[in-house]
Amino acid sequence: MFNSVKDLSDKLAATGYFIDPVMTQVVYLAAKLRKPLLLEGPAGTGKTQLAISVAAAGNTHVERLQCYRGVTEDKAIGHFDEGLQRLFMDFTKGQHEDWQTVQANLKGRDFFRPGPLMRALECDRPCVLLIESRRSFRSASV
């Protein structure tokens, strides 16, 4: 994604985002090792903007998962589109060979609507997965 720390620094500067050299090295190493980067701090300190700027510098995009009380795996991972499944059943009524064929079709990728985690995993090229949580969510889960 980035050839060197200088390359990352130059690309971040081109996006208008400037960080200290140590943080630039941390971001570079995380990208080079393909490891996550955990940022913690109060609201307004630039964590989200860093993710957006790194994505822009890497010529990729951000997949954003916002965690809050009540977030479900359907929102995070994805879900099957039941309306589309029903439409398929109505449209193809009488055209199915057997129940296994119907099940295979209904549980196929065509009917799955991915959430941010699945989109990040299925990306053709590396992307930035931004997982945000509110402080109240984190303290509630402890």
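**Exercises on the fold and on helix 1**

In this predicted model, the chain comprises 8 helices and 4 strands.

**Exercise 1.** Work out in what order the elements of the chain run from the N terminus on, and how the radius of gyration compares with what the globule rule gives for 142 residues.

*Solution.* Reading from the N terminus on, one meets the elements in the order α-α-α-β-α-β-α-α-β-α-β-α. The next step is to set the radius of gyration of the chain, 20 Å, beside the 14 Å that the globule rule gives for 142 residues; the former is well over the latter, so the chain is more spread out than a compact globule. The C-alpha trace, taken along its principal axes, spans about 65 × 40 × 25 Å. As for burial, 26% of the 142 residues count as buried.

**Exercise 2.** Determine which residues of helix 1 are buried, how they are arranged about the helix axis, and what covers them.

*Solution.* Begin with the residues of helix 1, which covers 5-15: Asp7, Leu8 and Leu12 are buried, where buried means under 20% relative accessible area. Seen down the axis of helix 1, these buried residues fall within an arc of 130°, and therefore they line one face of the helix. In general, an α-helix has 3.6 residues a turn, so residues three or four places apart point the same way. On the face turned away from the buried side of helix 1 lie the exposed residues Lys6 and Ala14. The cover over the buried residues of helix 1 includes helix 2 (21-33) and helix 3 (47-57). Finally, just after helix 1, glycine 16 adopts a positive phi of about 90°.

Note on methods
Residues numbered from 1 in each chain as written. Predicted model: local features only at pLDDT ≥ 70, side-chain atom pairs only at ≥ 80, totals over all residues. Heavy atoms only, no water. Helix = DSSP H or I, 4+ residues; strand = E, 2+ residues; numbered from the N terminus. Rg over C-alpha atoms; globule rule 2.2 N^0.38 Å. Buried < 20%, exposed > 50% of the residue type's maximum accessible area, 1.4 Å probe, protein only. Arc of directions from axis to C-beta. Contact = heavy atoms within 4.5 Å.
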